[in-house]
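Please look over the sequence and the structure shown here before reading on. The paragraphs that follow go through them one region at a time.

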Amino acid sequence: MSVGVSTSAPLSPTSGTSVGMSTFSIVDYVVFVLLLVLSLAIGLYHACRGWGRHTVGELLMADRKMGCLPVALSLLATFQSAVAILGVPSEIYRFGTQYWFLGCCYFLGLLIPAHIFIPVFYRLHLTSAYEYLELRFNKTVRVCGTVTFIFQMVIYMGVVLYAPSLALNAVTGFDLWLSVLALGIVCTVYTALGGLKAVIWTDVFQTLVMFLGQLAVIIVGSAKVGGLGRVWAVASQHGRISGFELDPDPFVRHTFWTLAFGGVFMMLSLYGVNQAQVQRYLSSRTEKAAVLSCYAVFPFQQVSLCVGCLIGLVMFAYYQEYPMSIQQAQAAPDQFVLYFVMDLLKGLPGLPGLFIACLFSGSLSTISSAFNSLATVTMEDLIRPWFPEFSEARAIMLSRGLAFGYGLLCLGMAYISSQMGPVLQAAISIFGMVGGPLLGLFCLGMFFPCANPPGAIVGLLAGLVMAFWIGIGSIVTSMGSSMPPSPSNGSSFSLPTNLTVATVTTLMPLTTFSKPTGLRRFYSLSYLWYSAHNSTTVIVVGLIVSLLTGRMRGRSLNPATIYPVLPKLLSLLPLSWQKRLHCRSYGQDHLMDTGLFPEKPRNGVLGDSRDKEAMALDGTAYQGSSSTCILQETSL
C-alpha cells in the first residue's frame with residue numbers, strides 16, 4: 001500500500017542492458033503479453049456482448065447488477081497498485097515490520113464506510129459521488145468537488161503509468177515506451193468499450209495474477225534461504241521484527257498510533273468518498289451486497305499486506321546470505337524489489353515474467369479505475385446537468401469518447417512525467433494532498449446539518465491551501481536540507497486516492513540527527529496524519545463560516561443527505577443512560593410526524609425499492625425500523 005520513491009531525479013531510461021542487468025527470456029515475454037491479451041479479451045467480450053443494446057447505466061454503473069465478490073476484488077485491485085507491490089516490501093526491508101500495524105486501521109476504515117457512507121450514497125441512487133454535494137449543498141459545491149477530483153487524477157494518471165515502467169526499464173532493460181504504450185492502449189480500449197463491468201472483471205483476473213506473482217517470489221525466496229522459519233529468525237536477529245511503538249508524537253513517521261488511527265482517515269478518503277470506490281459500491285445489485293463487498297475487502301487487504309511484508313522479510317534474509325552487488329546497493333528504494341526478483345528468479349523461465357505481469361496488473365487495475373471514474377464524473381457532473389436532452393445513443397458515444405480521451409491524456413501525462421526530473425516528486429505528492437480535503441467536505445455535509453454552501457466552499461479551499469502548504473513545504477525542506485532526516489522522523493508524503501497510498505521518502509542513512517524545529521518541525525508531520533489534519537481543517541473552517549453566514553436558514557435541507565450521528569450513538573447506550581440524557585426511542589411513524597422525515601412511503605409499504613428511490617429523489621430519507629434516539633431538548 002505504500003511505496004518509497006527516491007527524491008532524486010528519476011533515472012534516465014536505459015537503452016540496453018548493462019552489466020548486472022537481468023534480461024527477459026522468450027517465455028517471460030510470452031507470460032507478459034498473455035496478461036495484456038487476456039485483459040483485452042475480457043474487455044472486448046463485455047463490449048461485444050449485447051452490442052447495440054448498451055445503456056449509459058450499463059456502461060458507467062454495470063447496470064447496478066454486480067455481486068459482492070467481484071466488487072470486493074475490484075476494490076482491492078484498485079487499492080493494490082503497482083507502486084504498492086514495489087513499495088511495501090521496500091519499506092519492510094529498510095525499516096522493519098512496524099508498517100504492518102497499518103492493518104489495524106483497516107477495520108474502522110471499512111466499518112465506517114459500510115455503515116455510514118454506503119447507505120447514504122446507495123439510498124440516494126447516485127451515479128457520481130459528487131451528486132451528493134449538489135443534493136446537500138448546491139451545484140457550485142458539486143462542481144468544485146468534481147474539478148478537484150479531476151485535477152487530482154489527471155496529475156496522477158501519467159505518473160502511475162510511467163513510474164513502474166521506468167523502474168522496470170532501469171532494472172531489466174525492458175523497453176520503457178513499449179511498456180508504457182502497451183499498457184496505456186490496452187487499458188484505454190477495454191475500459192472505453194467495455195465500461196465498468198469490463199473494468200471490474202479484469203480487476204478480478206488481475207488480482208489473481210498479482211497474488212500468484214507475489215506468492216512465487218515468497219515460495220522461491222524462502223526455499224533458497226532455508227524456509228520461512230529461517231526468514232523470521234534472520235529478521236529477528238537483525239532487529240527487523242518491530243514491536244509496539246507507542247510514542248504519541250505525530251511527527252514520528254510510523255508509530256502504532258499513527259498507523260492504527262491516522263491510517264483510519266487515510267482509509268476513509270480511499271474507501272469512503274472516492275469516486276472509483278463509490279462507483280463500485282453503487283454498481284452492486286443491492287445495498288446489502290454493497291455493504292458485504294466492503295466487509296469482504298477486509299480479509300483480502302490483510303492478506304495483501306501480509307504478503308507484501310513477507311516479501312520484504314524474505315528479501316532481507318536473502319541479502320544476508322547473498323550480498324547485494326554495488327549496483328543494487330545504490331539503487332533507489334522503488335527498484336529494490338525488482339532487483340531482488342530478477343536476482344532471485346534468474347534461471348527459472350517464466351517466473352520473472354509472472355512477477356512483471358503481477359506488477360503491471362497493479363498498473364492496469366489502477367489506471368482503468370481512473371479512466372472509468374473520470375469519464376463518469378465528467379459525464380454526470382459537468383455535461384449532463386447542462387445538456388439533459390442528450391439521447392441515450394449520443395450519451396453512450398460521448399461516455400466512450402471521454403474514456404478514450406482520458407486514455408490519450410494519460411499517455412501524454414506519462415510523457416510529461418518523463419521530462420519532469422526532480423519536479424516528478426511534487427507531481428506525485430499533489431495527488432496525496434487532495435484526498436483529505438475531499439473527505440472533510442463530505443463529512444461536513446453528512447454530519448453537520450448547520451453547514452451551508454458558503455461554508456463548504458470556503459472550507460474546501462482552506463483544506464486545500466493547508467494541504468499544499470504542508471506538502472510543498474515538506475518537499476522543499478527535504479530537498480533543500482543538506483542534512484537528511486533520520487528514519488524515524490523521515491519526511492514523507494501520502495498519496496491517499498481512489499488508487500493507492502504512496503510514501504515519498506528520501507534515501508536515509510541509519511544515523512540519528514537532531515529533531516527539526518519551527519516550521520521544519522511542522523513540515524515533518526507524519527504523512528499518515530495528513531488526511532486527518534486536512535479534513536479537520538475543512539470541517540472546522542466550514543462550520544465557522546456556516547455559523548457566520550446564518551447556517552442553513554432560508555435554504556432547504558434534504559434529510560436523506562444527513563447521517564444522524566448523535567442519535568445513532570446515543571441509541572447504543574443502555575436505556576437507563578438514555579433516560580438520564582433525556583433521550584427517548586421513537587418509531588418510524590413518530591419520526592415522520594416530527595418532520596425529520598417529512599413523508600411516509602407512497603404506496604404504504606415500508607421498504608419497497610420504488611419507495612426508497614422515490615423518497616430519495618423527493619428529498620425524503622428512507623430508514624429501517626430500528627429505533628432512533630432523539631434528544632428532547634434538541635431542536636431538529
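Helices in this text are DSSP runs of H or I with at least four residues, and they are numbered from the N terminus. By that numbering, Ile185 belongs to helix H8. The model is a predicted one, and every value below is computed from it.

Ile185 is a convenient place to begin. A residue counts as partly exposed when its relative accessible area falls between the limits for buried, under 20%, and exposed, over 50%. Ile185 has a relative accessible area of 46%, so it is partly exposed. Together with Trp177, Leu181, Tyr415 and Ile416, Ile185 makes up a nonpolar patch on the surface, and the accessible area of these residues together is about 470 Å². Two helices, H8 (176-225) and H16 (392-418), each give two or more residues to this patch. H8 provides the largest share, three residues.

Helix H11 is a contrasting case. How many of the residues of helix H11 are buried? Eight of the eight residues in this helix, which covers residues 275-282, are buried, so H11 is largely enclosed by the rest of the structure. The buried residues of H11 include polar and charged side chains by name, among them Gln275, Gln277, Gln279 and Arg280, and Ala276, Val278, Tyr281 and Leu282 are buried as well. At the N-terminal end of H11, Asn274 acts as a cap: one of its side-chain oxygens lies 3.1 Å from the backbone nitrogen of Ala276.

Next come the charged pairs. The whole structure contains eight salt bridges. One of them joins Arg123 to Glu287, with 3.0 Å between the closest N and O atoms. Arg123 lies in helix H5 (residues 106-123) and Glu287 in helix H12 (residues 287-321), so this pair ties together parts that are 164 residues apart in sequence. The two partners fall into separate exposure classes: Arg123 is partly exposed, at a relative accessible area of 25%, whereas Glu287 is buried, at 18%.

Arg142 takes part in two salt bridges, one with Glu134 and one with Asp381. In the pair with Glu134, the closest N and O atoms are 2.5 Å apart. In the pair with Asp381, the N to O distance is 2.7 Å. Asp381 is in helix H15 (residues 351-383) and Arg142 is in helix H7 (residues 139-172), so their salt bridge ties together parts that are 239 residues apart in sequence. Through shared partners, Glu134, Arg142 and Asp381 are joined into one network of salt bridges. Within this network, Arg142 is buried, with a relative accessible area of 7%, and Asp381 is buried too. Glu134, by contrast, is partly exposed, with a relative accessible area of 26%.

The last stop is the second largest pocket, which has a volume of about 480 Å³. Its lining consists of 21 residues, and those nearest the centre of the pocket are Ile112, Ile116, Phe447, Tyr563 and Val565. Which helices each supply at least two residues of the lining? They are H5, H10 (256-271), H18 (435-447), H21 (530-548) and H22 (565-570). H5 gives the largest share of the lining, five residues. H5 is also the helix that holds Arg123, the partner of Glu287 described above.

Methods
Residues are numbered from 1 along each chain as its sequence is written. This is a predicted model: local features need pLDDT of at least 70, side-chain atom pairs count only at pLDDT 80 or more; totals for chains, interfaces and linings use all residues. Side-chain values use heavy atoms; hydrogens and water are left out. Buried means under 20% relative accessible area, exposed over 50%, partly exposed in between (1.4 Å probe, protein chains only). A polar contact is a pair of N or O atoms within 3.5 Å; within protein, one must be able to donate a hydrogen and the other to accept it, and residues adjacent in sequence count only if both atoms are side-chain atoms. Patches are made of residues with over 30% relative accessible area and no salt bridge: like charges are joined within 9 Å, nonpolar side chains (Val, Leu, Ile, Met, Phe, Trp, Tyr) within 5 Å. Accessible areas come from the Shrake-Rupley method with a 1.4 Å probe; for residues, only the protein chains shown count as cover. A salt bridge is a side-chain nitrogen of Lys or Arg within 4 Å of a carboxyl oxygen of Asp or Glu. On a 1 Å grid over the protein atoms alone, a cavity is a set of points where a 1.4 Å probe fits but cannot get out, and a pocket is an open set with protein on both sides within 12 Å along at least five of seven lines; lining residues have an atom within 4 Å of a point. Grid points are joined across faces, edges and corners, and a volume is the space filled by probe spheres set on the points.
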